[in-house]
Amino acid sequence: MKKILLLLIIPLFSYSQSKSLKVNFPVNGVCKMCKERIEKVSLNLKGVKYADWNLNSSNLSIIFNMKKVTIDEIKNKIAESGHDNGDYISSLESYNKLPDCCKYRDTAKH
């Protein structure tokens, strides 16, 4: 009887686990203020469990629940905060709101 009960309970635990995904992608930034902003914007999204932007590599490592937020929503929100990230480019208006020390674009090209 105990074996049958265990066989019924184990699938319930594995099915109820959330669908988390770990993703790494580049996000433009240049300083610790950028790091704080990128991580804060990411972590403020419902479903994001972990966010760490590496200053040296400019890569964001993020863990999120796919049932609550999509990678596109995350990247879009980061772009809205002023940080390009490959798939999403920040608007000039959002970029210009960044402090001068956080400006990463080549001003000669824009």
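**Group meeting: a walk through the model**

Tyr104 is buried, with a relative accessible area of 17%. The cut-off for buried is under 20%, so Tyr104 makes it. Keep in mind that this is a predicted model.

What does Tyr104 pair with? The rings of Tyr104 and Tyr95 form an edge-to-face pair, because their planes stand at 80°. Edge-to-face needs an angle over 60 degrees. The ring centres are 5.0 Å apart. The structure holds one aromatic pair, and no more. Tyr95 is buried too, at 6% relative accessible area. Tyr95 also has a charge over its ring. The charged end of Arg105 sits there, 4.3 Å from the ring centre.

Now the sheet. Three strands make an open sheet. Their order is 1-3-2, and the pairing is antiparallel. Which strands stand at the edges? Strand 1 and strand 2 do. Each has a single partner strand, so one side of each is left without a neighbour in the sheet. From one strand to the next, the twist averages 10°.

Look at strand 2 and strand 3. They pair in the antiparallel sense over six bridges. Across that pairing, Trp53 stands opposite Leu60 in strand 3. Next, the helices. Helix 2 lies across strand 2 and strand 3. Helix 2 runs at about 165° to strand 2. Helix 3 packs on the sheet and touches strand 1, strand 2 and strand 3. The direction of helix 3 makes about 40° with that of strand 1.

On to the core. In soluble globular proteins, nonpolar side chains tend to be buried together. Here, the largest nonpolar core has 21 residues. Which residues have the most contacts inside it? They are Phe25, Leu60, Ile62 and Ile74. Five elements give two or more residues to this core: strand 1 (20-26), helix 2 (32-43), strand 2 (48-54), strand 3 (59-65) and helix 3 (71-80).

Take Leu60 first. Beyond its neighbours within four places in sequence, Leu60 is in contact with residues including Val23, Phe25, Ile38, Ala51, Trp53 and Ile78. Now Phe25. The charged end of Lys75 sits over the Phe25 ring, 4.8 Å from its centre.

One last residue. Asn65 lies in strand 3. Is Asn65 buried or exposed? Asn65 counts as buried, because its relative accessibility is 6%. Asn65 and Lys22 are 43 residues apart along the chain. Their C-alpha atoms are separated by 9.2 Å.

Technical notes:
Residues are numbered from 1 along each chain as its sequence is written. This is a predicted model: local features need pLDDT of at least 70, side-chain atom pairs count only at pLDDT 80 or more; totals for chains, interfaces and linings use all residues. Side-chain values use heavy atoms; hydrogens and water are left out. A nonpolar core is a set of buried Ala, Val, Leu, Ile, Met, Phe, Trp, Tyr and Cys residues joined through side-chain atoms within 4.5 Å. Buried means under 20% relative accessible area, exposed over 50%, partly exposed in between (1.4 Å probe, protein chains only). Helices (H or I, at least four residues) and strands (E, at least two) are DSSP runs, numbered from the N terminus. Contact means heavy atoms within 4.5 Å. Two strands pair if DSSP finds at least two bridges between them. Axes are lines fitted to C-alpha atoms, for helices over the stretch in contact, and angles run from 0 to 180 degrees between N-to-C directions. Rings of Phe, Tyr and Trp (its six-membered ring) pair if their centres lie within 6.5 Å; planes under 30 degrees apart count as stacked, over 60 as edge-to-face and the rest as tilted. A charge sits over a ring if NZ of Lys or CZ of Arg is within 6 Å of the ring centre and within 35 degrees of the ring normal.
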